[in-house]
Amino acid sequence: MLNLTGDCERNGDEQITILAKDNQLVYVGFFFYISKKPFFEERNNHDMKKRAISEEMMRDLLSGKLSSLLRAVQNDDTLCMELRGSSVNIYYRGGSLFKITENKCKSVENYQIVFDSGYGIENNPSIEEAANQIPQYKQAMDVWFHKNPKDEREFQQFIVRTNNRNKRISNSTDYYIVDMEYAETNGMNARFDLVALKWRSTGSERKKLEVPSLTFIELKYGDDALKGSASIKKHLDDLKDFLSCSENLGGFAKDMTEVFRQKCKLGLVEGLQENQYKLTISPSNPEVIFIFAEHKPASRILKGVLNDINPSDYSFPISIASASMMGCGLYEDCMWTIKEFLYKEKESEK
């Protein structure tokens, strides 16, 4: 850990702290002595970005000026809306179709809509234009993705669709996806492909509104994704650091609870009754799930990676998801431990 502290150039009466870890900048802000306590305990959970959106934005999505965009998402299973605190993102094939941001300045329009010009269209539409011209924007993204495939993110969105928005399937799986592409870099390296809640799909369990627990999901698409700096062990170590601070975890679970409740009210989750929207996600007993999509059984890469992981080094259970007869629904009975997975791989080699 590199720790640099000193006078702030902007104001000589104040000091700043700059921290870097593993060649990455992890904190720039108010001065503190890192020696006082472990770094992740020093960070206050109130500094974490909140994903739940404001009441005003909720009203505008449900019945106000943004309602046409919400209806477009509700009526199109290829679209996915994710909450980002002061903004929402509408995703298509894992890419951001529109980012809609609240403007706090009252002298300008309430919301700004941005379409990534990298996809080939360089104008940012109005709310009406965005809602009416979604097919044109999607086509531009289709052309771009044909030349620049993003299979992992597209598969990630399909997991959300299966477990949250499939009228026939979602209510029968044991996990709902709360958030996609979570990233918190304000003093920590918390990056999660998917954040889910685990809630077993039995009638008795679904009556218990305080039993859902946190699940962190990491997706690797193809064995080549197992190479490079974003290793399985690094993901586990980062999560271990994040979970080591109970304040972080408590605030995170509270925010994810509100995000899921808002998604239910927005019609982005299928199969739950209105009284079930009042559920609470417990910060106790979190787990991590790895999804190794399109893993080639004959490849030794995954086996080598998992052999280097010692599950006893971590306080949380580590599972590997297997498909339920080729599907993307997440079921507790289809989860393997690392030991079980390696045993299966060994048996298949005989």
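Colleague: Which residues of helix α5 are buried?
Modeller: This is a predicted model, where local features need pLDDT of at least 70, side-chain atom pairs count only at pLDDT 80 or more, and totals for chains, interfaces and linings use all residues. Residues are numbered from 1 along each chain as its sequence is written, and side-chain values use heavy atoms, leaving out hydrogens and water. Helices (H or I, at least four residues) and strands (E, at least two) are DSSP runs, numbered from the N terminus. Buried means under 20% relative accessible area, exposed over 50%, and partly exposed in between (1.4 Å probe, protein chains only), and in α5 the buried ones are I134, Y137, K138, A140, M141 and F145.

Colleague: How many degrees around the axis do they cover?
Modeller: The arc is taken from the directions from the helix axis to the C-beta atoms. These residues sit on the same side of α5, because their arc is only 155 degrees.

Colleague: So which exposed residues are on the face turned away?
Modeller: The buried side of α5 packs against α3, β4, β5, β6 and α4, with contact meaning heavy atoms within 4.5 Å. The face turned away from that buried side carries P135, Q139, H146 and K147.

Colleague: How far apart are the end C-alpha atoms of α5?
Modeller: The expected span is 1.5 Å times one less than the number of residues. For the 14 residues of α5 (134-147) that comes to 20 Å, and the model agrees, with its end C-alpha atoms apart by 20 Å.

Colleague: Which residues of α10 are exposed?
Modeller: Start with the buried ones: I338, F341, L342 and E345. They fall within an arc of 95 degrees down the axis of α10, so they line one face of the helix. What covers them includes α9, β12 and β13. On the other side of α10, the exposed residues are K339 and Y343.

Colleague: Now the hollows. Which element gives the largest share of the lining of the second largest cavity?
Modeller: On a 1 Å grid over the protein atoms alone, a cavity is a set of points where a 1.4 Å probe fits but cannot get out, a pocket is an open set with protein on both sides within 12 Å along at least five of seven lines, and lining residues have an atom within 4 Å of a point. The structure has three cavities of 30 Å³ or more, and the second largest holds about 70 Å³. Both β4 and α6 supply at least two of its lining residues, but the largest share, four residues, comes from β4.

Colleague: And how many charged residues line the largest pocket?
Modeller: That pocket holds about 780 Å³. Closest to its centre, out of 34 lining residues, are E181, Y182, A183, R191 and F192. Nonpolar covers Ala, Val, Leu, Ile, Met, Phe, Trp, Tyr, Cys and Pro, charged covers Asp, Glu, Lys and Arg, and the others, Gly among them, are polar. The lining has 10 nonpolar and nine polar residues, while the charged ones number 15.

Colleague: Which helix gives the most to the lining of the second largest pocket?
Modeller: This pocket has about 640 Å³ of space. Its lining has 22 residues, with F292, A293, E294, S322 and A323 closest to the centre. The split by class is 14 nonpolar, five polar and three charged. With four residues, the top contributor is α10.

Key: Points joined across faces, edges and corners; volume = space filled by probe spheres on them.
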